[in-house]
Amino acid sequence: MLFVQYQPARAADLSPGPENDAGAACTEIKTALHTLADAEHDESLALDLATSGANLAIVEARLSVLLDRTNDLRVALRHARESTVARDPMVDQCVRMGFRALVISEKLSSDVESVLFGGGDSFAEAPALKPGAPAASPPAPQP
């Protein structure tokens, strides 16, 4: 009988809380990554519509959502780095993956902002907007 009472108490002591679980930290990051990917996809569709003559307001609205999802990822990464399991190899890998996605997302946001607010006349002058795609080189000066 003593063993039965001890076992649940021991299990409660060993089970990590939400902040102390490496799996929970990675899940928070992965959830933020998935919602960020959805926002990037929506922005891509809005940009595609805008290149065919649609209103740029949808691009601006999607950019706002993209910036919000980027901030959500930033918060999830901060939580993981400040948690007690920050040095766990699994958490470290998730944080690295999150930071790579954050850099790509910030580049995408910056490129979209330069298209919207940079004063360019068309999307033809915009830099490459796909993650991993080489940036478009500026046009050669005309003599």
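These legends walk through five close-up views of a predicted model.

**View 1. The largest nonpolar core brings together residues from three helices.** This core counts 27 residues. If you want to find your way around in it, start with I29, V59, L73, V91 and V112, which have the most contacts inside the core. Helices α2 (22–51), α3 (57–82) and α4 (89–117) each chip in at least two residues. The top contributor is α2, which gives eleven. Here's some background: in soluble globular proteins, nonpolar side chains tend to be buried together.

**View 2. Helix α3 has a set of buried residues.** The helix is 26 residues long. From its first C-alpha to its last, α3 reaches 38 Å, close to the 38 Å expected at 1.5 Å a residue. Which residues of α3 are buried? They are V59, L63, L66, T70, L73, A76, L77 and A80. As you read along that list, keep one thing in mind: an α-helix has 3.6 residues a turn, so residues three or four places apart point the same way. The partners that the buried residues of α3 pack against are α2 and α4.

**View 3. I58 sits in helix α3.** Is I58 buried, partly exposed or exposed? Its relative accessible area is 33%, so I58 falls in the partly exposed class, because that class lies between the 20% limit for buried and the 50% limit for exposed. Now look across to E43: the two are 15 residues apart in sequence, and their C-alpha atoms are 8.5 Å apart in space.

**View 4. S105 is a buried residue of helix α4.** How accessible is S105? Its relative accessibility is 0%, and buried means under 20%, so S105 counts as buried. What does S105 touch, once you skip residues up to four places away in sequence? The answer is L36, E40, L66 and T70. Two of these names, L66 and T70, are also on the list of buried residues in α3.

**View 5. One disulfide joins C26 to C94.** The two sulfur atoms are 2.1 Å apart. The link of C26 and C94 is right-handed, with 110° about the S-S bond. Why can we say that this pair ties together separate parts of the chain? Because C26 lies in helix α2 and C94 in helix α4, the pair connects parts that are 68 residues apart in sequence. Both ends are tucked away from the surface: C26 is buried at 3% relative accessibility, and C94 is buried at 5%.

Conventions:
Residues are numbered from 1 along each chain as its sequence is written. This is a predicted model: local features need pLDDT of at least 70, side-chain atom pairs count only at pLDDT 80 or more; totals for chains, interfaces and linings use all residues. Side-chain values use heavy atoms; hydrogens and water are left out. A nonpolar core is a set of buried Ala, Val, Leu, Ile, Met, Phe, Trp, Tyr and Cys residues joined through side-chain atoms within 4.5 Å. Buried means under 20% relative accessible area, exposed over 50%, partly exposed in between (1.4 Å probe, protein chains only). Helices (H or I, at least four residues) and strands (E, at least two) are DSSP runs, numbered from the N terminus. Contact means heavy atoms within 4.5 Å. The expected span of a helix is 1.5 Å times one less than its number of residues. A disulfide is a pair of cysteine sulfur atoms within 2.5 Å.
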